[in-house]
Each structure stands twice: as C-alpha cells, then as structure tokens.
Amino acid sequence: MRALLFKISYFFLFFGSATIGGMLIPFLQYKGFEPIQIGSLISLYTLIGLVGLFSVGYFCDKLKTIKKILLPSLIITIIAGSVAVIFNKGAIFYIGFFLMGLFSSMLGSLCDSWVMESDEDTKSKFGAMRAFGSVGWAFGVLSVGFIISNFGYKYVTFLYIGTLLVAAFASFKLKDVIKNSSGSISFKPLLTNKDYIFTIITLLIICIGFRGYLQLIPYGIARAGGNTSNLGVFNFICSVSEIAMMILCNKIMHKLSPDKLLILSPIGVLMQMLVLYFIPNIYAIYLSGLLQVFTYPIILIVGRTMIDRVCPENLKTTSQLIGFALSNNLGIIIGSFVVGFLIEYFNIEKAIFIMMIVVVLGILITIFYDRKTKDKTI
C-alpha cells in the first residue's frame, strides 16, 4: 500500500506540475514577455525555488518530518499557480508566479527525499516509483500542449488544481518518515565536506548543459515551423523515454559504479544538441527525445545516490535538497539566462553551439570524477 501511494503521489504531482512548469516558455510568451525577459523570469523563478530548497531541507531535519512540510507546500502551490494563470502582467501575477516557483520546486525533491529516507525495501524501489513521476509529467505536457493550442490557458487551471489535489490526498495517507538521528543541524558539515562539494560541482556542470538544451527546444521547434502542440509531443516522448532507465538504474548500478554510469548523461545531451543544430526538423527533434533515456533519469537517480553516500547521517534531507538546489536549480538559472541572452542578441545556431561547449565540459568533468572516485557499486 505504501508503494502504491507513493506512485499515485508521484504521478499526479508531476502531472499537475507539468501543466505550467513544463510549459514555462510558451506560458510566458502567452503573457507577452520577450526572450531576454523570459530567460530572466525563469532564472528568478528558479532562484526563488533554490532559496526554498535550501531552507526546507533544514526544517525537515530540524522538525524530523517531511509530510508536514510537503502538504502545506502543495496547497500554496495550487493557489499560487492558479493566480499566475488567471492574472496578466502586474503585481498579482508576479506574486503568484514567484510563490509558485518557491513552493513547487520543493515538491518533487521532498517526495524523493521521503522515499530515500524510508525503509530499505521502499528505498530500493526509488527508481521504479519515481518512474510514475515521469509518466505523470509525460501525460501532463501532452495534455496541456493540446489544451493550450485548442482552447487556451484558462482551461489549464482546472487540470492543474485537480491533479495536485489528488497528489495532496495520496501524500496525506502516507506515513511520515522516522528520523532517529541526533546531533546539531548545521550547514557546516556540508561546507567542509570535500566529497560532497565535488559531487555537487560535477552535477551542476552537467545540469547547466542539460537545462540549457531544454530551454533551446521551444525555439528550435519554432524554427522548424512547430508550435505548442509539437513541444507537448516532444516533452511526452522525453518523459516516456525516461521510464526504462528510472526502473533499471538501480540494477545497472549493481553491476556498474554510479560514477561510470553518470558519464552517459552529458554524452546523451551532446547527441541531442547535435540533432538540434544539424537537423532542424520536427521529426528529427522528436526522435532525439528518445535519448532522454540517458540524460535526466541518470542525473536524478545517480545524483541522489552519489549525494546519499557522502552526506552526514543527521543531514539527509538537507543534503539532498541543497544538492538538488545547487545542481538542478542553479543549472536552470544559469542555462535559462544564458540561452535567453543568446537568443535575444545572436541567433539559435550560435546559442546551440555555445551550449554544446558547456556539454563537452560536462563530459570531461564526469570522466575526471570517475577517475578520482573509487569504483563502488551499490
């Protein structure tokens, strides 16, 4: 029953989040913002989420709970997202938009930490349960892409509220984590942990390239003559492609060290970039989405495992959420701003080329990380 509730929570949480979070660029275009404004807004949106992730992990470890933090965050996300959709440019829109960024960023990470801090049987099924999040995201972006193109954003609100309320109900029925660890709750052990810092820097460089690529996709699809529906189909293909690796990642790490498996991630992003650069065709971009099997699921599952093995016992939630914030969220901030700037002042070809250089840097640092880290399967 516990595993089933986690699967339901993941599916509806990511389905609901995808209806707005999966379409941020077309959403902000619909609101009338220019590329550089969109890049800046997404960067600020993510920066606020980063601050939220920094603080919420501390409170989870301090109060020894995840459930009592997750549920209020879900409710505030529902209200803030609805406000952002309903209101146009102005103070109320900005308040709703940035509150959504603050609290929605916590949701998936809190669920991941909840699973990782559960009993060994539940923890060992993390990838398989997290796959339901990818399924939810896939159907979320596909549905919202169709709705936006045919009916408009006002109908997205109902889908957004309904799915997140189901996620809240399933989370409410779950048993909270049991934190038996003792000791002071301080960031100092993380700041002085060289293995932890090295791990986060490695994940950050990979995420800058990966998130930058995802920011380029809407512009690449538009260049090929596509629209929001095409973006929805691409995101659907990407999310479905993730499922196999989500399920198999733990089994692969039993045979191959996480550090070696991580090298595949930036290589997969580079191959996607090459398609976007040399074959500006909708169907080629669709096919490149299948390469997502080697990108995000490896970053997520392997990244969580790498952080878990180097973090202090009494700072499990803090370590995971700060690690996620400093790699994924900071990667979005940097990637979004750089892509927005390049699209505004240069062109998409130059933007893709520059981001490819970042991805190559990601490949090099993962190879270096693997050589510096003693091989150890899980």
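These are my notebook entries on a predicted model of one protein.

**Entry 1: overall make-up**

I began with the secondary structure of the protein, and I found 17 helices and zero strands. I then looked up the extent of the C-alpha trace, which spans about 55 × 45 × 35 Å along its principal axes. The radius of gyration is 19 Å, and a compact globule with 378 residues would have one near 21 Å, so the two agree.

I looked up contacts with a separation of 6 or more, and 87% of these are between residues 24 or more positions apart.

**Entry 2: surface and charges**

How much of the protein is buried? I noted that 59% of the 378 residues are buried. The accessible surface comes to about 15400 Å². Carbon and sulfur atoms hold 70% of that surface.

I also looked up the charges, and there are 30 positive and 17 negative ones. Their mean positions lie 3 Å apart.

**Entry 3: the nonpolar core**

I looked for the largest nonpolar core and found one with 114 residues. Phe-27, Leu-28, Phe-97, Leu-110, Leu-216 and Met-273 have the most contacts inside it. Which helix gives the most to this core? I found that helix H10, residues 194–223, does, with 13 residues. As background, nonpolar side chains tend to be buried together in soluble globular proteins.

I picked Leu-110 from the core list and wrote down what it touches beyond four places in sequence. Leu-110 is in contact with Val-56, Cys-60, Ile-66, Ile-69, Leu-70 and Leu-321.

**Entry 4: Leu-203 in helix H10**

I stayed with helix H10 and looked up Leu-203, which is found there. Is Leu-203 buried or exposed? Its relative accessibility is 3%, under the 20% cut-off, so Leu-203 counts as buried. Neighbours within four places aside, Leu-203 touches Leu-262, Gly-303, Ile-307 and Ser-327. I also took a distance to Ile-343, which is 140 residues from Leu-203 in sequence. The C-alpha atoms of this pair are 25 Å apart.

**Entry 5: two residues of helix H5**

Helix H5 runs over residues 91–116, and Asp-112 has its place in it. I found Asp-112 to be buried, because its relative accessible area is 2%. What does Asp-112 touch, residues up to four places away not counted? I listed Tyr-10, Phe-126, Arg-130, Leu-300 and Arg-304.

Leu-99 is also placed in helix H5. With a relative accessible area of 34%, Leu-99 is partly exposed. Leu-99 and Leu-164 are 65 residues apart in sequence, and I read 16 Å between their C-alpha atoms.

**Entry 6: Phe-6 in helix H1**

I next went to helix H1, residues 2–21, where Phe-6 has its place. Phe-6 counts as buried because its relative accessibility is 0%. Beyond four places in sequence, Phe-6 is in contact with Trp-114, Val-115, Ser-118, Thr-122, Met-129 and Leu-174. I followed up one of these contacts, Met-129. Phe-6 and Met-129 are 123 residues apart along the chain, while their C-alpha atoms are separated by 6.7 Å.

**Entry 7: Ala-128 in helix H7**

Ala-128 is found in helix H7, residues 126–150. I noted it as partly exposed, with a relative accessible area of 30%. Which residues does Ala-128 touch, leaving out those up to four places away? I found Met-246 and Ile-247. Ala-128 lies 121 residues from Cys-249 in sequence, and the C-alpha distance between them is 9.0 Å.

**Entry 8: two loop residues**

Where is Lys-64? I placed Lys-64 in the loop between helix H3 (35–63) and helix H4 (67–86). Its phi is near 55°, which is a positive value in a residue other than glycine. Most residues other than glycine have a negative phi. Lys-64 counts as partly exposed, at 36% relative accessibility.

My last look-up was Gln-292, in the loop between helix H14 (282–288) and helix H15 (296–310). Gln-292 has a relative accessible area of 4%, which means that this loop residue is buried. Residues up to four places away aside, Gln-292 touches Phe-210, Cys-238, Ser-241, Glu-242, Gln-272 and Pro-297.

Note on methods:
Residues are numbered from 1 along each chain as its sequence is written. This is a predicted model: local features need pLDDT of at least 70, side-chain atom pairs count only at pLDDT 80 or more; totals for chains, interfaces and linings use all residues. Side-chain values use heavy atoms; hydrogens and water are left out. Helices (H or I, at least four residues) and strands (E, at least two) are DSSP runs, numbered from the N terminus. The radius of gyration is taken over C-alpha atoms; the globule rule is 2.2 Å times the number of residues to the power 0.38. Buried means under 20% relative accessible area, exposed over 50%, partly exposed in between (1.4 Å probe, protein chains only). Contact means heavy atoms within 4.5 Å. Accessible areas come from the Shrake-Rupley method with a 1.4 Å probe; for residues, only the protein chains shown count as cover. Lys and Arg count as positive and Asp and Glu as negative; His and the chain ends are not counted. The place of a charge is taken as NZ of Lys, CZ of Arg, CG of Asp or CD of Glu. A nonpolar core is a set of buried Ala, Val, Leu, Ile, Met, Phe, Trp, Tyr and Cys residues joined through side-chain atoms within 4.5 Å.
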